[in-house]
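Please load the model in your viewer and keep the selection panel at hand. The tour proceeds by successive selections.

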Amino acid sequence: MMDGYRPPTSLLVLGGTSEIALATARRLIARRTRLVWLAGRPSPALEQAAEQIRRAGADVRTVAFDALDPEAHEAVLGKVFAEGAVDMVLLAFGVSGNQATDERDPVAAARVAQTNYTGAVSAGLVCGKALQTQGHGSLVVLSSVAGERARRSDFIYGSSKAGLDAFAQGLGDALYGTGVHVMVVRPGYVRTAGSTERPDVPFTTTPEAVARAVELGLRRRSETVWVPGRLRVVMSALRHVPRPLFRLLPM
């Protein structure tokens, strides 16, 4: 354990059914975390996630939270912070949408943006303010490598993640020096239980690998974490590929 690092004793997960978030919670519970708040839409899936965390050895509480209802975020999340200090917030909600159909359905496309970006802006600001008020804590934001540069195959999702990523970086700068640590996590394609029929792509990773990277990033107090780490170099190169050539890449 690096000097000064203490694993969080309390964790608030925004997006309580996320496989990445649950893998991260289990890893932190194995270290020190004893109280986990799972925030999400009430559903059997949320209750199953709560039972999973309970079996891992932590006290768990569920919170009715909807990313698409920003008017309620301050009240809903404020109740969590009123219960006691929150050492870490993991912002893990998001939807990938369906690029092929969403291009023909502007309402569906807007819902992807509202969930991944607008909802995150609201929840992120509420949690950032609460962490600043208590004087400590980490806000970990799950972004995506898709946000680094818009691709033809997923520019609706990618643009929403680009907005989220820029917002989280700016929030981190705004909170710098307040005792609050903001960390952006940029995984490649993550293989989950719901994606078993999709073929692997380069730099495919797993929820467990992302969880390990999150923990290491917390130890190092990193501001940006790539999963896998070599994606940092790859995307640095792709970012500068001329657009006419970029369009031709098999992505």
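The stops below run from the whole chain to its nonpolar cores and then to a single residue.

**Whole chain.** Begin with the protein chain in cartoon representation, bearing in mind that this is a predicted model. The cartoon should show 9 helices and 7 strands. The radius of gyration is 18 Å, close to the 18 Å that the globule rule gives for 251 residues, so the chain is as compact as a globular protein of that length. Along its principal axes, the C-alpha trace spans about 55 × 40 × 35 Å.

**Surface and charges.** Switch next to a surface representation. The accessible surface comes to about 12,400 Å², and carbon and sulfur atoms account for 54% of it. Of the 251 residues, 49% are buried. If the charged groups are then displayed, there are 30 positive and 23 negative charges, whose mean positions lie 6 Å apart.

**Contacts across the sequence.** A contact map is a useful companion at this point. Of the contacts between residues at least 6 apart in sequence, 70% join residues at least 24 apart.

**The largest nonpolar core.** Select Leu12, Leu14, Phe65, Leu77, Phe81, Val89 and Phe93; within this core of 32 residues, they touch the most other members. Now colour the elements that each supply at least two residues of the core: the strands are E1 (10–14), E2 (35–40), E4 (88–91), E5 (137–142) and E6 (180–187), and the helices are H3 (73–82), H5 (106–134) and H6 (155–175). Which element gives the largest share of this core? It is H5, with 7 residues.

**Leucine 77.** Centre the view on Leu77 and display its surroundings. Setting aside residues up to four places away in sequence, Leu77 touches Leu12, Leu14, Phe65, Ala123, Val126 and Cys127.

**The second core.** Select Ala25, Ile29, Val190 and Leu218, which are among the 31 residues of a second, separate core.

**Alanine 92.** Finish at Ala92, in the loop between E4 and helix H4 (99–102). Is this residue buried or exposed? Its relative accessibility is 12%, which is under the 20% cut-off, so Ala92 counts as buried. Beyond its neighbours within four places in sequence, Ala92 is in contact with Leu14, Gly15, Ser18, Ala21 and Leu142. As a last step, draw a distance from the C-alpha atom of Ala92 to that of Arg221: the two residues are 129 apart along the chain, and these atoms are separated by 19 Å.

Note on methods:
Residues numbered from 1 in each chain as written. Predicted model: local features only at pLDDT ≥ 70, side-chain atom pairs only at ≥ 80, totals over all residues. Heavy atoms only, no water. Core = buried A, V, L, I, M, F, W, Y, C linked by side-chain atoms within 4.5 Å. Buried < 20%, exposed > 50% of the residue type's maximum accessible area, 1.4 Å probe, protein only. Helix = DSSP H or I, 4+ residues; strand = E, 2+ residues; numbered from the N terminus. Contact = heavy atoms within 4.5 Å. Rg over C-alpha atoms; globule rule 2.2 N^0.38 Å. Areas by Shrake-Rupley, 256 points an atom, 1.4 Å probe, with all protein chains shown as cover. Lys, Arg positive; Asp, Glu negative; His and termini not counted. Charge placed at Lys NZ, Arg CZ, Asp CG, Glu CD.
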